[in-house]
Amino acid sequence: MTTTSWASRPLAGWGRYPIVEALCARPESQLQTLNAFNDRQGDAMLAHGFGRSYGDAALLSEGRVVLTRRLKKMLAFDEVSGVLQVEAGVTIGELIEVFLPRGWFVPVVPGTQFVSVGGAIGCNIHGKNHGHAGCFGDHVRAMEVLLASGEVVRCSRKQHDDLFWATIGGMGLTGIILNAEIQLQAVQSGAIDMESIRFNNLDEFFQISEESTGYFHTVSWIDCVKGGAQMGRGIFMRGRHASAQQAATLSEGPLERVVELVQRALDGRVFESNMLLNRATIRLFNEAYYHKHPAGEHHSVVGYQPFFFPLDAVENWNYVYGKRGFLQYQMVVPEREAVRDILKVISESKMASFLAVIKEFGDQDHGGLSFPCAGTTLALDFPNFGEPLLKMMDRLDALVAEVGGRIYLGKDARLSAEMFRRMYPQWEAWREVRDRWDPQGVFQSDLSRRLGLTPA
Amino acid sequence: MTVLILGATSPIAQAVADVYAAAGCSVALAARDVEEARRAASDLTIRYGVEAQGFAFDACDAFEHHSALVSEVEEALGPVDVALVAFGFMGDQQASEEDFEKARRVIEVNYTGAVSVCEAVARAMESRGAGSIIGLSSVAGERGRASNYFYGSAKGALTLYLQGLRNRLASKNVHVMTVKLGFIDTPMTFELETGIPVASPQKAAKAIFNAQGRGVETFYYPRFWGGIMGVIKSIPEKMFKRLSL
Ligand SMILES: Cc1cc2nc3c(=O)[nH]c(=O)nc-3n(C[C@H](O)[C@H](O)[C@H](O)COP(=O)(O)OP(=O)(O)OC[C@H]3O[C@@H](n4cnc5c(N)ncnc54)[C@H](O)[C@@H]3O)c2cc1C
Ligand SMILES: NC(=O)c1ccc[n+]([C@@H]2O[C@H](COP(=O)([O-])OP(=O)(O)OC[C@H]3O[C@@H](n4cnc5c(N)ncnc54)[C@H](OP(=O)(O)O)[C@@H]3O)[C@@H](O)[C@H]2O)c1
């Protein structure tokens, strides 16, 4: 007897490209998750968290998708060690909300708080503290995974360590993570003691980046429209968790409160339009953003939200790109010079990136399908300009692969299988482990089919 | 204050448990899936620092079991101040028409089971002269429809039962509240395709919590269902038959 409710739903990543129709179940409990697995009638399956990956990593057009957002129970917490066991659908935002008042923070956070723990592990996400803290997976102590065999297995660095390794950054392709044990980070406050520094070009960026290794968090916004001598200008931000005393100086003026209220009422869906973001408006935005920041260095104590999650202020901001959607191109290259070549291709392409972020990673490299490795990472958001954009991205792929770099699968919607193999030389080692735990390839995604990790 | 949630794996029930725990109440979570009820209890304890425990419960158990459950809960967490009867079972209308055992199941879970456990709770509250019972009924119980009349009639009977119980307990200082739910975003409505807005369990839970606090006796949630049902109930049977609703 099938006990699971299945419904066909349009499903997309954050870029809203592509959008597919997927047969979904939304379990409310562990038992319902197991039931959904058993009721899949031989179809392929995939876990989908909050769809904050950009492309098709969390999509499965022919098969069955398990929406994990209702699996959000906190199972155990040790007040002394800060080790927390939670179900995979709990969001990073919820963790902060519950544990920050008790002096704990999430060890690695992405640029939005609306991601699930399962998604954070599936993409082995990195944050502004990669150089000091590594990736999210480095703070996971153990997981329970629902496997292709239908069994639930606990894995850790000591127990089924191959499964543990392949699941971290495994893009949902080893099974459904039911829950995970995470080591939280002790903090005095949620506030961030930060400095921002305007830089005029790429060389200045690298210089400041070198001087900033002592800062726990670093990230920079970069203007990708500007070419010439000012190519690679931007604003460098670096910070540390503030002390309790510093945090006390953090006061919210009436103006901030009004801004916050307006933002809360704003919804990106109101602005859904293919016209809004074009080369002219993007150039204007980048100009304004750069000049808004006074030249030189600026010091402040800010709340964790504006520091880590500035984009969360406007709900559904991804709709601003219109129905065509948008694509993010995030890559890492081990050599600095390659960044210059890439920026040149972009600024000459006349295809503008609205938001661009640059950062130097630390040395931690998880391997497998996990993205971060030593080098410089650049993340660029492009309105879906269609064929010309896809062509340019292919060119970028070639540049990136040439120097031994790679692109982030969690942001990808279009990489070729061939390029993927060049960029992720460990893919075979990863597949070997996956084949041990899922020989039939039960767990699939549109991304895994495109990249040849599962049969198309 | 202690809250007893019956059918704790329902998302509406979980959301209600959340709201009461956030207000500092101890929570007893009773469900068929006792493992999940225990996980839910850990969740409330971690999030809100309240006492919470999972208990095994089946609506189709005998009255003695229901009565024993109430005693067990009261021993563990103190007298039950608020009880939420949240479990329910939609069943499959067509399958129920073909196999009466299936229809019986729908009736027994939604009506007999609910009445049995309400009686058990009512006795405890009546003897103390305090307490509040919340029953989750449905707009489906307002008019018999071809598409779901086993479920609908059981919910309709539950509404009447709660009304009677309210009158019986009025002099005993025990409050009985009937919630007539419209569409809430749970497994029951997951497959449903409708133009009518579906409310989140969290919003429903807040409305239930507030209404219970104010001593409301009957209400629709979402509110606009009051209007919809007003219209639906006023359609003459002759016409209604042709609408195939
Ligand atoms: C504004 C914004 C900023 C971002 N900033 C960063 C950043 O700074 N660093 C970074 O690394 N990423 C960043 N991301 C990407 C995002 O953090 C990741 O894509 C993350 O995986 C999204 O989590 P999710 O819950 O939405 O997962 P989904 O997008 O739903 O899924 C992502 C992958 O995880 C798998 N998965 C999800 N749940 C499970 C589970 N329970 N079991 C097994 N597999 C599962 C899916 O199958 C899929 O392959 C950002 C995204 C946005 C929208
Ligand atoms: N969702 C709506 O739109 C809607 C509308 C009107 C009324 N309601 C009512 O709201 C209540 C909550 O439902 P829901 O929407 O949250 O749906 P749901 O997820 O299907 O919840 C139903 C709950 O009832 C439990 N249950 C079923 N049979 C049981 C039994 N024999 N013994 C004990 N528990 C049993 C289920 O437990 P298991 O997990 O063990 O199966 C589950 O927890 C129900 O009474 C429902 O009739 C809902």
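1. A polar contact, as used in this note, is a pair of N or O atoms within 3.5 Å. The model is predicted, and the distances below are computed from it. The side chain of B:Thr186 meets this cut-off with ligand 2: one of its N or O atoms is 2.6 Å from an oxygen atom of the ligand. B:Tyr151 also uses its side chain, with an N or O atom 2.6 Å from an oxygen atom of ligand 2. B:Ile184 takes part through its backbone, where an N or O atom lies 2.8 Å from a ligand oxygen. On its own, ligand 2 has 890 Å² of accessible area, and the protein covers 90% of this.

2. The shell around ligand 2 draws two or more residues from each of four elements of chain B: helix H1 (11-22), helix H5 (100-128), strand S5 (131-138) and helix H6 (149-169). Strand S5(B) gives the largest share, 3 residues. There are 27 residues around the ligand, and B:Thr9, B:Ser10, B:Arg32, B:Tyr151 and B:Thr186 come nearest. B:Tyr151 and B:Thr186 therefore appear both in this group and among the side chains that satisfy the 3.5 Å limit, at 2.6 Å for B:Tyr151 and 2.6 Å for B:Thr186. By class, the shell divides into 14 nonpolar, 9 polar and 4 charged residues.

3. Ligand 1 is surrounded by 33 residues, of which A:Ala47, A:Gly49, A:Arg52, A:Ser53 and A:Ser116 come nearest. The contacts listed here involve backbone atoms. A backbone N or O atom of A:Gly51 is 2.9 Å from an oxygen atom of the ligand. A polar backbone atom of A:Gly111 is 2.9 Å from a ligand nitrogen, and one of A:Met171 is 3.0 Å from a ligand oxygen. Taken alone, ligand 1 exposes 960 Å², of which the protein buries 96%.

4. Three elements of chain A each supply at least two residues of the shell around ligand 1: strand S3 (45-48), helix H3 (117-122) and strand S10 (176-183). The shell is made up of 17 nonpolar, 14 polar and 2 charged residues.

5. On the overall fold of chain A: the chain has 15 helices and 19 strands. Its radius of gyration is 21 Å, close to the 23 Å that the globule rule gives for 456 residues, so chain A is as compact as a globular protein of that length. The C-alpha trace spans about 65 × 50 × 40 Å along its principal axes.

6. On packing and surface: buried residues account for 61% of the 456 residues of chain A. Of the contacts in chain A between residues at least 6 apart in sequence, 73% join residues at least 24 apart. The chain exposes about 18,100 Å², with carbon and sulfur atoms supplying 53% of it.

7. A:Ser353 sits in the loop between helix H11 (336-349) and strand S17 (356-361) of chain A. Is this residue buried or exposed? Its relative accessibility is 1%, so A:Ser353 counts as buried, the limit being under 20%. The side chain has a polar atom 3.0 Å from the backbone oxygen of A:Leu355 and reaches the backbone oxygen of A:Asp381 at 3.2 Å. Apart from neighbours within four places in sequence, A:Ser353 is in contact with A:Cys224, A:Val225, A:Ile282, A:Asn286, A:Leu380, A:Asp381 and A:Phe382.

8. The loop between strand S1 (7-12) and strand S2 (19-25) of chain A holds A:Pro18, and the peptide bond from A:Tyr17 to A:Pro18 is cis, with omega near -5°. A:Arg16 is found in the loop between S1 and S2 as well. Its phi is near 55°, a positive value in a residue other than glycine. A:Arg16 counts as buried because its relative accessibility is 12%, under the 20% limit.

9. Chain B also has a cis peptide bond, from B:Tyr221 to B:Pro222, with omega near -15°. B:Pro222 lies in the loop between strand S7 (218-221) and helix H8 (225-234). B:Asn173, in the loop between H6 and strand S6 (174-181) of chain B, has a positive phi of about 65° although it is not a glycine. With 54% relative accessibility, B:Asn173 counts as exposed.

Definitions and conventions. Residues numbered from 1 in each chain as written. Chains lettered and ligands numbered in written order. Predicted model: local features only at pLDDT ≥ 70, side-chain atom pairs only at ≥ 80, totals over all residues. Heavy atoms only, no water. Near = heavy atom within 4 Å. Polar contact = N/O pair within 3.5 Å; in protein donor to acceptor, adjacent residues only side chain to side chain. Areas by Shrake-Rupley, 256 points an atom, 1.4 Å probe, with all protein chains shown as cover. Nonpolar A, V, L, I, M, F, W, Y, C, P; charged D, E, K, R; others polar. Rg over C-alpha atoms; globule rule 2.2 N^0.38 Å. Buried < 20%, exposed > 50% of the residue type's maximum accessible area, 1.4 Å probe, protein only. Contact = heavy atoms within 4.5 Å.
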